[in-house]
Amino acid sequence: MTIWQKIQQIVVGIVWLLVGVLLLAFGKDAYLLVIGMYTLVLAVYGIRLIWYYITMARHMTGGRGILYRGLLALDAGIFAASLAWVPQFYILVYLTGTQGFTGIVDLLRAKEAKGVEGHWKLKAFQGVMEVVIALACLIFLRTPEYVVDIVAIGFVFSAIMRIIGAFRRAAVITID
């Protein structure tokens, strides 16, 4: 990771930390803010991946997969925006499902890293915590106040993990 990427990760982590604290402060009133932020993050991520495909990844092996991920993220963001006017229960199920899916993907990445004797413990911890947060959201699904608080705690946790990840040493692979 370059110094610029580390700075970028730290800044994004600080922003997510502030967002999580604000969500904790506003509670249930922040419900539409959670949907808006979730929509914005997915849409920006999708557009970023599509732009990366257009400018560079189309010439790479596996570049088409980047395009598909970008399209799916953009579609998920647009779908999340459309859920703002449906009952809260459905958007909470959607948020919980994506949080759980992210946790499972992190656990699978940790298992893969362990298989190649890489750094896996922090990624496994992050995956377990995301699954626990998703399960907590499922348990308190009928009370939006708790779900907003749990999502806020998830943002704070994600921000802290992003900042920690920026300070971790990266393994350097050399070919003899």
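Lys123 has a relative accessibility of 28% and therefore counts as partly exposed in this predicted model. Its side chain is a good place to start, since the side chains of Lys123 and Asp106 meet in a salt bridge, with an N to O distance of 3.8 Å. Asp106 belongs to helix H4 (residues 88-115) and Lys123 to helix H5, so the pair links parts of the chain that lie 17 residues apart in sequence. In contrast to its partly exposed partner, Asp106 counts as buried because its relative accessibility is 5%, where the cut-off for buried is under 20%. A search of the whole structure finds one salt bridge.

Another acidic residue, Glu130, invites a look alongside this pair. Glu130 sits in helix H5 (residues 121-139). Glu130 is buried but has no salt bridge; Lys123, the nearest side chain of opposite charge, is 7.2 Å away. Beyond its neighbours within four places in sequence, Glu130 is in contact with Gln99, Thr102, Gly103 and Asp106.

Helix H4 also packs with an earlier part of the chain. The axes of helix H2 (residues 31-55) and H4 come within 12 Å and cross at roughly 45°, and the two helices are therefore oblique to each other. The crossing of H2 past H4 is left-handed. On the H2 side, the contact is made by Tyr31, Val34, Ile35, Tyr38 and Leu42; H4 contributes Gln88, Ile91, Leu92, Tyr94, Leu95 and Thr98.

Terms used:
Residues are numbered from 1 along each chain as its sequence is written. This is a predicted model: local features need pLDDT of at least 70, side-chain atom pairs count only at pLDDT 80 or more; totals for chains, interfaces and linings use all residues. Side-chain values use heavy atoms; hydrogens and water are left out. Helices (H or I, at least four residues) and strands (E, at least two) are DSSP runs, numbered from the N terminus. Buried means under 20% relative accessible area, exposed over 50%, partly exposed in between (1.4 Å probe, protein chains only). Lys and Arg count as positive and Asp and Glu as negative; His and the chain ends are not counted. A salt bridge is a side-chain nitrogen of Lys or Arg within 4 Å of a carboxyl oxygen of Asp or Glu. Contact means heavy atoms within 4.5 Å. Axes are lines fitted to C-alpha atoms, for helices over the stretch in contact, and angles run from 0 to 180 degrees between N-to-C directions. Angles under 35 degrees count as roughly parallel, over 145 as roughly antiparallel, 65 to 115 as roughly perpendicular and the rest as oblique. A crossing is left-handed if the near helix is turned anticlockwise from the far one by less than a right angle, and right-handed if clockwise.
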